[in-house]
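Me: I am new to this structure and would like a close look at a single part of it. Could you take me slowly through one chain and the side it turns to its partner?

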Amino acid sequence: MIDLLQATVNSPGTTSASYLPIGLQVLFVVGLVGFLLIITHFLGPKRQTAEKLETFAGGIASHGDARQPMAINYFLVAILFVLFDVEIIFFYPYAINFRALGWDGFWAVMMFVSFFLCGFIYIIKKGALIWED
Amino acid sequence: MDLMVIDIWLIIEKLALVAIVVSISLLIAMYSTYAERKVAAYLQDRRGPNRAGPFGILQPLADGGKLFFKEEIIPLTSSKFLFVLGPALAMITALMTSAVIPWGGTLNWFERNISLQIADINIGVLYIFGVISLSVYGIMIGGWASNNKFSLLAGIRGASQMISYELAMGLTLIALLMLTGSLKMSVIVEQQINGPWNIVYQPLGFLVFFICALAETNRTPFDLPEAENELNFGYHQEYSSMKLGFYLFAEYIAMFISSAIMATLYFGGYDIPFVNESSLSASIGHNLVTILGGFALLLKVSFFLFVFIWIRWTIPRFRYDQLMNLGWKKLIPLALFNMVITAVVILLLDK
């Protein structure tokens, strides 16, 4: 399995030089965005008043800091995302070497899928994804 | 150490290609706003923008120009640095995704084989995923830095929506990768040029991918981060001038790029349908076929853009719990099912 994985990583045609254009694009895009931010900073009028610089709360005066504790569900979703995303990433090397691994690899991955499903059913049964009160 | 052998022409060529691709993304994003308003007008039996130039064709220029000359407001209670970083990050990540998409074959100019793909790396699909997940930060940082209750709520909604649908998106692509056996975008397209398009083998996978693409780009019916009746304006509520423009632009560029990804992965990329490329290039020349292929890709992209817009003016917005239930309890099992079925079918047919 390790040999197969390495074979894909070292497939011909991709070297560290292949990533150079991405570096060029990063430079270009960051330069463009920075340039636009700076020129628009100087282009617009500046007539700022205290009311204008307040945060907008639909017309009424805004009360206090917005950064207050909020529903735990959002946090749970983030944690579950990290867990499941890592599991999904494990499928990718398998998918690439899928034909070479044949039925043996398939049954091995089915075991992994069942672990995945166990975790998935567990979080649903636990009510981690219930959004109604 | 391979970096030593790069010639200067390659760098110039790639830089020119980057400039062209970025400009085209910006241009298409601009005219998607025009298309959006025109299609909306057509669907609602109105005329749409028709004052600036013939058929209102200059309207996006007027809109864009306006954003340049607006007053820049940074609220006093916001975190200044993050407030500027948010939209910049959204725009940068939106423009970075185009790097691995093959926009066409190769051009033979000045005795050089110029590829119309910026970077042909062997982890193409993973690169796209990496950059798309970074785009969550643009929304999240913007919503947080504004220090506005509506913005913060919208930012958090947007972030948890995007990461939820990324799971199903990642899962559904695995079935496609089993089929292609490569993460390289150019290889995926070449296989489709020589054989049938991937949509033939992966209709269910494409459906899941398309729904996830709608959710990832915050388009209706999943535009909850911008639900104006609940959140005023959404995560970019406190923004003005070009920073607001960046957020709006980033959304349309993301729409363009995800259409291009769908066309590339499932609909043959720059493959001209019902035409044998190699025999055509023998009769009208290699370069012309490449350019026609690029136009074929843009045509497919325009079709998807139209579908995005069509859906926006047809389907009402989801409720948040419905959105989460669809993402987690329907699409993830569906994508997993699709993966297993694809694996079994391929293995049975191979033997």
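Reply: What follows is a careful walk through chain A and its contact with chain B, with a short look at chain B afterwards. This is a predicted model, in which local features need pLDDT of at least 70 and side-chain atom pairs count only at pLDDT 80 or more, while totals for chains, interfaces and linings use all residues. Residues are numbered from 1 along each chain as its sequence is written, and chains are lettered from A, with ligands numbered from 1, in the order in which they are written.

Chain A has four helices and zero strands, where helices (H or I, at least four residues) and strands (E, at least two) are DSSP runs numbered from the N terminus. Along the sequence, chain A therefore reads as the pattern α-α-α-α. Of the 133 residues in chain A, 14% are buried, a residue being buried if 20 or more other C-beta atoms lie within 10 Å of its own, exposed if 12 or fewer, and partly exposed in between, with C-beta atoms placed from the backbone.

Helix 3 of chain A deserves a longer look. Among its buried residues are A:Val77, A:Leu80, A:Phe81, A:Phe84 and A:Ile88. An α-helix has 3.6 residues a turn, so residues three or four places apart point the same way. The 25 residues of helix 3 of chain A should span 36 Å at 1.5 Å a residue (the expected span is 1.5 Å times one less than the number of residues), and because its end C-alpha atoms are 37 Å apart, the two values agree.

The contact with chain B takes 59 residues from chain A and 64 residues from chain B, two residues being in contact if their C-beta atoms, placed from the backbone, lie within 7 Å. On the side of chain A that touches chain B, helix 2 (20–43), helix 3 (72–96) and helix 4 (98–126) of chain A each supply at least two residues, and the largest share, 16 residues, comes from helix 2 of chain A. By class, this side of chain A has 38 nonpolar, twelve polar and nine charged residues, where Ala, Val, Leu, Ile, Met, Phe, Trp, Tyr, Cys and Pro count as nonpolar, Asp, Glu, Lys and Arg as charged, and the others, Gly among them, as polar.

In chain B, strand 1 (residues 106–109) and strand 2 (residues 112–115) pair in the antiparallel sense over four bridges, pairing being called if DSSP finds at least two bridges between two strands. These strands of chain B form a hairpin with two residues between them, and B:Phe110 in the turn has a positive phi of about 50 degrees.
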